[in-house]
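Student: I'd like to take a close look at one part of this model. Could you walk me through one salt bridge and its surroundings?

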Amino acid sequence: MPSIKTSYRDRTQEFLSVAERLKKSLSSASNAASPSSGSSTKSDATRSAVAIQSEFNKRASMIGYGIHQSSQKLAKLAKRELLPSLFVINNLYDFDD
């Protein structure tokens with residue numbers, strides 16, 4: 001059976017830095033939108049936190065879905081590549097005899 005080399009790149013740190021930038025971006029946007037008179041209430045802060053978490057969850061979900069789709073496509077490609085090689089192996093060793 002032919003050996004299959006796979007390569008991957010750990011992008012965990014990239015993901016964490018993007019998540020941190022998004023978090024900072026959303027918090028600065030919510031600070032700019034909130035009144036500067038200091039009259040923001042705890043419920044406003046809670047709503048803002050929920051909105052930030054919701055936006056993060058939406059984007060994370062989209063990323064996860066993209067990863068899932070890529071995985072499915074790679075599985076199909078691997079299957080397509082494996083089948084011809086099995087026919088070649090079958091013909092080389094003539095298992096039908």
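Tutor: Let's start with Glu55, which is partly exposed, at 25% relative accessibility. Keep in mind as you look that this is a predicted model. The salt-bridge partner of Glu55 is Arg59, and their closest N and O atoms are 2.8 Å apart. Where do these two sit along the chain? Both belong to helix 2, and because they are four residues apart, about one helical turn separates them. Arg59 is partly exposed as well, with a relative accessibility of 40%.

The chain has three salt bridges by the rule used here, and Glu14 takes part in two that you can look up next. The side chain of Glu14 meets that of Arg9 at 2.9 Å, N to O, and Glu14 also pairs with Arg11, again with 2.9 Å between the closest N and O atoms. Through shared partners, Arg9, Arg11 and Glu14 are joined into one network. Arg9 is exposed, at 57% relative accessible area, while Arg11 is partly exposed at 47% and Glu14 is partly exposed at 36%.

Now go back to Arg59, which also helps to line the largest pocket, together with Phe15, Val18, Ala19, Leu22, Phe56, Ala60, Ile63 and Ile67. Helix 1 and helix 2 each give two or more residues to this lining, and helix 2 gives the most, with five. The pocket holds about 180 Å³ of space. What kinds of residues make up its lining? Eight are nonpolar, one is charged and none is polar.

Ala60 is another residue of this lining, and you will find Ala60 in helix 2. Its relative accessible area of 27% makes Ala60 partly exposed. Try finding Ala19 from there: although Ala60 and Ala19 are 41 residues apart along the chain, their C-alpha atoms are separated by 9.0 Å.

Phe15, also in the lining, lies in helix 1 and is partly exposed, with a relative accessible area of 38%. On the surface, Phe15 joins Leu16, Ile63 and Ile67 in a nonpolar patch with about 370 Å² of accessible area together. Helix 1 (12-33) and helix 2 (42-93) each give two or more residues to that patch.

Finally, step back to the whole chain, which has two helices and zero strands. Buried residues make up 3% of its 97 residues. The chain exposes about 8900 Å², with carbon and sulfur atoms supplying 59% of that area.

Technical notes: Residues are numbered from 1 along each chain as its sequence is written. This is a predicted model: local features need pLDDT of at least 70, side-chain atom pairs count only at pLDDT 80 or more; totals for chains, interfaces and linings use all residues. Side-chain values use heavy atoms; hydrogens and water are left out. Buried means under 20% relative accessible area, exposed over 50%, partly exposed in between (1.4 Å probe, protein chains only). Accessible areas come from the Shrake-Rupley method with a 1.4 Å probe; for residues, only the protein chains shown count as cover. Patches are made of residues with over 30% relative accessible area and no salt bridge: like charges are joined within 9 Å, nonpolar side chains (Val, Leu, Ile, Met, Phe, Trp, Tyr) within 5 Å. A salt bridge is a side-chain nitrogen of Lys or Arg within 4 Å of a carboxyl oxygen of Asp or Glu. On a 1 Å grid over the protein atoms alone, a cavity is a set of points where a 1.4 Å probe fits but cannot get out, and a pocket is an open set with protein on both sides within 12 Å along at least five of seven lines; lining residues have an atom within 4 Å of a point. Grid points are joined across faces, edges and corners, and a volume is the space filled by probe spheres set on the points. Ala, Val, Leu, Ile, Met, Phe, Trp, Tyr, Cys and Pro count as nonpolar, Asp, Glu, Lys and Arg as charged, and the others, Gly among them, as polar.
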